Amino acid sequence: MRRLPDAELDVMDVLWSATGPLTTRAVVESVPADRGWKIQTVATLLGRLQAKGFVRSTRTGRDLHYVAEVDRDEYLAFETGRFMERFHRGSLRSLLASFAADRPVDDAERRELEAWLDARERGTDRP
């Protein structure tokens, strides 16, 4: 998997939030307005994402309909792993220490983290 540039990630966010396939026009209407993208810009981004295997399209009449091929959670895990390796050499302790460096961890957060760690030891992600 490859890291996505911000523009392509904006398009993926739209597809991940959709309940079904979207046309290029529907994506244009759903991306943040401050982007000011035209339909050709979004078509180019969708083409790049398709070439990378992140989306697939089907033609219905004159329109192409796009759906995400890569799940949001799968991409998040990839980006998080990449971040962990790059900045923390894979150390969860280092990552947590950087998050808590400039603010205390309250009792509720500590209990929540301990419950999550206990659940992971049992082989589940939920306490």
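Just after helix 4, Arg 89 takes a positive phi of about 50 degrees. That's a handy place to start in this predicted model, since helix 4 covers residues 72-88 and a good part of what follows hangs on it.

Let's go back to the other end of the helix. At its start, Asp 71 has a side-chain oxygen that comes to within 3.0 Å of the backbone nitrogen of Asp 73. How does the span of helix 4 compare with what 1.5 Å a residue would give? Its 17 residues should span 24 Å, and the end C-alpha atoms sit 23 Å apart, which agrees.

Now look at which side chains are tucked away. Tyr 75, Glu 79, Met 84 and His 88 of helix 4 are buried, and the buried residues of this helix pack against helix 1 (6-17) and helix 5 (92-99). The packing with helix 5 has an angle of about 85 degrees, with the two axes 10 Å apart. That makes helix 4 roughly perpendicular to helix 5, because angles from 65 to 115 degrees fall in that class. On the helix 4 side, the contact is made by Phe 83, Met 84 and His 88; helix 5 brings Leu 92, Ser 94, Leu 95 and Ser 98.

His 88 deserves a closer look. This histidine belongs to helix 4 and has a relative accessible area of 10%, so it counts as buried, the limit being under 20%. Its side chain reaches the backbone nitrogen of Leu 95 at 3.4 Å. Leaving aside residues up to four places away in sequence, His 88 touches Phe 83, Ser 94, Leu 95 and Ser 98.

On to the rings. Searching the whole structure turns up four aromatic pairs. One of them is Phe 54 with Tyr 75, an edge-to-face pair at 5.9 Å centre to centre, with 75 degrees between the planes. Phe 54 sits in the loop between helix 3 (39-51) and strand 2 (55-60), while Tyr 75 is in helix 4, so this pair ties together parts that are 21 residues apart in sequence. Are these two buried or exposed? Phe 54 and Tyr 75 are both buried. Phe 83 and Phe 87 make a tilted pair, because their ring centres are 5.0 Å apart and their planes stand at 45 degrees. These two phenylalanines are four residues apart in helix 4, which separates them by about one helical turn. An α-helix has 3.6 residues a turn, so residues three or four places apart point the same way. Phe 83 has a relative accessibility of 36% and so counts as partly exposed. Ring pairs also link Trp 16, Phe 54, Tyr 75 and Phe 78 into a cluster.

Away from helix 4, have a look at Thr 24, which is in helix 2 (residues 24-30). What does Thr 24 touch, not counting residues up to four places away in sequence? Its partners are Ile 39, Val 42, Ala 43, Leu 46, Leu 64 and Tyr 66. With a relative accessible area of 13%, Thr 24 is buried.

Glu 121 makes a good last stop. This residue is found in helix 6 (residues 107-121), and its relative accessible area of 71% makes it exposed. From Glu 121 to Arg 62 there are 59 residues in sequence and 52 Å in space, C-alpha to C-alpha.

Definitions and conventions: Residues are numbered from 1 along each chain as its sequence is written. This is a predicted model: local features need pLDDT of at least 70, side-chain atom pairs count only at pLDDT 80 or more; totals for chains, interfaces and linings use all residues. Side-chain values use heavy atoms; hydrogens and water are left out. Rings of Phe, Tyr and Trp (its six-membered ring) pair if their centres lie within 6.5 Å; planes under 30 degrees apart count as stacked, over 60 as edge-to-face and the rest as tilted. Buried means under 20% relative accessible area, exposed over 50%, partly exposed in between (1.4 Å probe, protein chains only). The expected span of a helix is 1.5 Å times one less than its number of residues. Contact means heavy atoms within 4.5 Å. A polar contact is a pair of N or O atoms within 3.5 Å; within protein, one must be able to donate a hydrogen and the other to accept it, and residues adjacent in sequence count only if both atoms are side-chain atoms. Axes are lines fitted to C-alpha atoms, for helices over the stretch in contact, and angles run from 0 to 180 degrees between N-to-C directions. Angles under 35 degrees count as roughly parallel, over 145 as roughly antiparallel, 65 to 115 as roughly perpendicular and the rest as oblique.
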